Amino acid sequence: MEILKIILIGVITCVATIVLKNIKPELSILVSLAGGVVILVMVINSLTEIITNFSGIVNKTNVNTQLFSSVLKIVGVGYITEFGANICQDTGNSSIADKVLLAGKVIILCFALPIVNSMLNVIIGLIQ
């Protein structure tokens, strides 16, 4: 099971970070980043499978591909933003983490605009 491997890597990374924090604090940050990247790479395989399935759904339903790509971008930006903010938080830079989260929210809003425009066009079409 993939999730058990991910949990094991996470626990090992946490233990190694705690041990290294007392010995060499600068290495503990690198170990934490490396563990996070390994977990992220493991999750990417599942993400590609999800994207493939959603692409099949979009092709079958004839949904606008621009809307679909906007949704995927929003989800991707959300995950990456949270990952980056958590790294900043782990290194003790909570103010930078807050700015990363703010930037992610602004970018998500930009990617959501085509969806909002499409919804407005549908509503206007129904009203007329």
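The following exercises, each with a worked solution, concern the helices of a predicted model.

**Exercise 1. Determine how H1 and H2 are oriented to each other, and which residues form their contact.**

Step 1. The axes of H1 and H2 come within 7 Å and cross at roughly 170 degrees.
Step 2. Angles over 145 degrees count as roughly antiparallel, and H1 and H2 are therefore roughly antiparallel to each other.
Step 3. On the H1 side, the contact includes Ile6, Ile9, Gly10, Thr13, Ala16 and Leu20. Among the residues that H2 contributes are Val31, Ser32, Gly35, Val38, Ile39 and Met42.
Step 4. By class, the contact of H1 with H2 divides into twelve nonpolar, six polar and three charged residues.

**Exercise 2. Establish whether Thr13 is buried or exposed, and name the residues it touches.**

Step 1. Thr13 lies in helix H1.
Step 2. Its relative accessible area is 14%. Buried means under 20%, so Thr13 is buried.
Step 3. Leaving aside residues up to four places away in sequence, Thr13 touches Val31, Ser32 and Gly35. These three residues also belong to the H2 side of the contact between H1 and H2.

**Exercise 3. Describe the course of H2: its span, its kink and its buried residues.**

Step 1. H2 has 37 residues, and the distance from its first C-alpha to its last is 53 Å. This is close to the 54 Å expected at 1.5 Å a residue.
Step 2. H2 nevertheless has a kink of about 25 degrees, centred on Ile44.
Step 3. Ser28, Gly35, Gly36, Met42 and Val58 are buried in H2. Helix H1 and helix H3 are included in what covers them.
Step 4. Just after H2, Asn62 takes a positive phi of about 60 degrees.

**Exercise 4. Work out how H2 is placed relative to H3, and the make-up of their contact.**

Step 1. The axes of H2 (residues 25-61) and H3 (residues 65-90) come within 12 Å and cross at roughly 170 degrees.
Step 2. That crossing makes H2 roughly antiparallel to H3.
Step 3. From H2, residues including Gly36, Val37, Leu40, Ile51, Phe54 and Val58 meet residues of H3, among them Phe68, Leu72, Phe83 and Ile87.
Step 4. The contact of H2 with H3 has ten nonpolar, four polar and one charged residues.

**Exercise 5. Determine how H3 and H4 are oriented to each other, and the classes of residue in their contact.**

Step 1. The axes of H3 and H4 come within 8 Å and cross at roughly 175 degrees.
Step 2. H3 and H4 are therefore roughly antiparallel to each other.
Step 3. The contact of H3 with H4 divides into 16 nonpolar, nine polar and one charged residues.

**Exercise 6. Analyse H4, with attention to its span, its kink and the setting of Leu113.**

Step 1. The 34 residues of H4 should span 50 Å at 1.5 Å a residue, and its end C-alpha atoms are 47 Å apart, which agrees.
Step 2. A kink of about 35 degrees lies at Ala112, shortly before the proline Pro114.
Step 3. The buried residues of H4 are Ala97, Gly104 and Ala112, and they pack against H3. Ala112 is thus named both as the site of the kink and as a buried residue.
Step 4. Leu113, also in H4, is partly exposed, with a relative accessible area of 46%.
Step 5. The C-alpha atoms of Leu113 and Lys24 are separated by 46 Å, the two residues being 89 residues apart along the chain.

How values were computed: Residues numbered from 1 in each chain as written. Predicted model: local features only at pLDDT ≥ 70, side-chain atom pairs only at ≥ 80, totals over all residues. Heavy atoms only, no water. Axes fitted to C-alpha atoms, helices over the stretch in contact; angles between N-to-C directions. Helix = DSSP H or I, 4+ residues; strand = E, 2+ residues; numbered from the N terminus. Parallel < 35°, antiparallel > 145°, perpendicular 65-115°, else oblique. Contact = heavy atoms within 4.5 Å. Nonpolar A, V, L, I, M, F, W, Y, C, P; charged D, E, K, R; others polar. Buried < 20%, exposed > 50% of the residue type's maximum accessible area, 1.4 Å probe, protein only. Expected span 1.5 Å × (residues − 1). Bend = angle between axes of the 7 residues up to and from the residue.
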